[in-house]
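Okay, thanks for coming, everyone. Let me put the structure up and we'll walk through it together.

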Amino acid sequence: MDNSISRPAEYAMILDLMSRMAALDTEDEVVVRIFEFFTELCAPERLVYVCITDGVPGRAQCRPLAASCEDAVERLCAFTGSWAESDSGSGFILTIQRAGERLGVLGLEGIALPEQRSHYLNLALTIVDVLGLAVSNARLHERLVQAQAVAHSERDLARDLLGVSDALNEINATIGSTLDSDKIMSRVVVQAAEATRADKVGLLRKGDVAWQLLYGYGYRDGAVGSNYTDEELPFAVHCAQSKELVFDNDSAAAFAKTRDAVLASETRSIMCVPLVLKGEVFGVLSFRARVRGAFNARSIDFAKKLAISLSLALQNAQLFGEQRTIADTLQQALLVMPRRVRGIEFGNLYQASTREAAFAGGDFYDIFEIDHTCVGVVIGDISGKGLEAAKLTSLVKDAIRAYTHIGTSPAWVLEKTNRLLFDSTEDTEFATVFLGVINTQIGEIRYCSAGHPTGLIRATDGVVRALAVGSTILGAFEQIDVREGTERLAPGEVLVLYTDGITEARCSHEFFGEKRLVELVGATSAPPAKMPEALLERIKNCPDAMLPDDVAILCVALANRRTTEGLHPAQESLALQ
């Protein structure tokens, strides 16, 4: 290992790692790449990685493979800190984590050039977040792929089963039109009653101590949400225990001794069918009719097939909710901003589209210190949604941060980021990005806007001027035309950055547009921390307002120097934490 490795070469290695991580879909692939990176970096004699899921140690991987790895695995499983030296003192241990969750522990033993150990450790600590995001992304991707495969196979089965009658086809259309379980059930109980000529149709679920009517058609007002005992629902109990359809076309006698007169009255025929997933009954669909002999072979066949399709539909709705939660959680992690940044005041806001969507969008922003006088501000929009968009967002954000520590020219940084994105993605994937470098001492803004909506500066008198210099979007072309602009941000002025979700918002059945936005910014005198909320609130108050796309807003101004004036640099840093 050459101990004269230069800083640009080290950053090149880290950028290469980020580029490779963005294309990995499994945790095993991530671990292989981690091992390759540290082998190239410091040539350790042994590498060990222990996967941790929900706080429980799992699979361990070692290089080289050897039986003597067991003692190292035991040591890593017991480690709970962020980092530490190895027992021998010739290596170190790192915890891989994301958003406060421990994902794994990495151990390096016997590194080359031990006198450089501190240097290697500092480099390793700078990329822990990259490793954490890569492991987290890989786990999310594996879960999504598995969930989607199950959903697709079971939905295909449901489609085959739902082709037997017009009634089932109509219900299938209802199920296919939404992944909202409330909407599915509120419609299905009505359609099922019409298909079977039942007077009441309800979905019952057994809780810890009682049954509850979750959805119902034909019941008295207030019945939905009511609780019932096993004695009051003998057919539902039998159905759940046997996991088979139960019916009785002369059921009046069975209810004669129950305490629930409402359920018992006018129930001459009853049919209960279980909703089963993975061998377990999670609910019972109950059909009741006032006449004897109401349910025939056709009704029974319909109820059985409906139960299968409905079970799959409700499972898909649950999977949909889980996937949306995963995507939303991942995006929120990517939108985390520092509490304070030296020399500036800022406010930020992300608002999801008002349209129903399964996955979060690709809008993002970032603020970071480059040195004691310069701050980087970034806002962008990645094509697509969900996990893939989140992976590209992470790649772009991390690449911009790394490149700005090599050179602070925004045009140069975005040109390098474009090449990285072009080499790492498919032809259909691209990004619009605005990068500004603010000198907080003199208020100068050097910026490059790669296909992104025009940034605005609001003066203290309400006059708005635009950052008019623009360049080509990132990731679409191997070589792009990058141009750099310069502006001056005076004290009290606010830089307003945003994604196209604002200009494409609907107002009086038309686009909100750039003209309205400029007028709105000029009329909004809120401080930077509150300006994003003030702008969005005004847009939402527009007649017939709607947000068809996600919105991100970032407002930045020079900080009031009186808050840190006269402090020693160490005190100033503490004051801004």
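Let me start with a quick one: are F434 and Y447 buried or exposed? Both of them are buried. Keep in mind, by the way, that what you're looking at is a predicted model.

So what are those two doing? F434 and Y447 make a stacked aromatic pair, with 5.7 Å from centre to centre and 20 degrees between the planes. F434 lies in strand β15, residues 431-439, and Y447 in strand β16, so the pair ties together parts that are 13 residues apart in sequence.

That brings us to the sheet. β15 and β16 belong to an open sheet of 5 strands, and the order is β13-β14-β15-β16-β19, with antiparallel pairing. At the edges you have β13 (363-369) and β19 (485-488), and each has a single partner strand, so one side of each is left without a neighbour in the sheet. As for the twist, neighbouring strands here are turned by 20 degrees against each other on average, if you ignore direction.

Have a look at the β19 end. Strand β16, residues 444-450, runs antiparallel to β19, and 4 bridges join the two. If you want a landmark, find I445: its bridge partner in β19 is E487.

Back to aromatics for a second. The count comes to 3 aromatic pairs. Besides the stacked one, there's F37 with F38: the ring centres are 5.3 Å apart and the planes are at 85 degrees, so that pair is edge-to-face. F37 is buried at 4% relative accessibility, and F38 is buried too, at 1%.

Now charges. How many salt bridges does the structure hold? The answer is 16, and I'll pick out a few.

R342 and E369 meet through their side chains at 3.3 Å, N to O. R342 is in the loop between α10 and β12 (344-351), while E369 is in strand β13, so this salt bridge ties together parts that are 27 residues apart in sequence. So that one involves an edge strand of our sheet, β13. R342 is buried, with a relative accessible area of 10%, whereas E369 is partly exposed at 33%.

There's also a little network: R419, D423 and E478 are joined by salt bridges that share partners.

Next, go to the loop between β11 and α10. What does R290 pair with there? Its side chain forms a salt bridge with D199, at 3.0 Å from N to O. The two come from distant parts of the chain, 91 residues apart, with D199 sitting in the loop between α7 (181-196) and β6 (200-206). Both ends are partly exposed: R290 has a relative accessible area of 44%, and D199 has 25%.

R292 is in that loop between β11 and α10 as well, and its partner D250 is in the loop between β9 (246-248) and α9 (261-264), 42 residues apart. Their side chains meet in a salt bridge, again 3.0 Å, N to O. Here R292 counts as exposed, at 57% relative accessibility, and D250 is partly exposed at 46%.

One last thing before I hand over. Where does the charged end of R516 sit? You'll find it over the ring of F512, 6.0 Å from the ring's centre.

That's my tour. Who's next?

Notes. Residues are numbered from 1 along each chain as its sequence is written. This is a predicted model: local features need pLDDT of at least 70, side-chain atom pairs count only at pLDDT 80 or more; totals for chains, interfaces and linings use all residues. Side-chain values use heavy atoms; hydrogens and water are left out. Two strands pair if DSSP finds at least two bridges between them. Axes are lines fitted to C-alpha atoms, for helices over the stretch in contact, and angles run from 0 to 180 degrees between N-to-C directions. A salt bridge is a side-chain nitrogen of Lys or Arg within 4 Å of a carboxyl oxygen of Asp or Glu. Buried means under 20% relative accessible area, exposed over 50%, partly exposed in between (1.4 Å probe, protein chains only). Rings of Phe, Tyr and Trp (its six-membered ring) pair if their centres lie within 6.5 Å; planes under 30 degrees apart count as stacked, over 60 as edge-to-face and the rest as tilted. A charge sits over a ring if NZ of Lys or CZ of Arg is within 6 Å of the ring centre and within 35 degrees of the ring normal.
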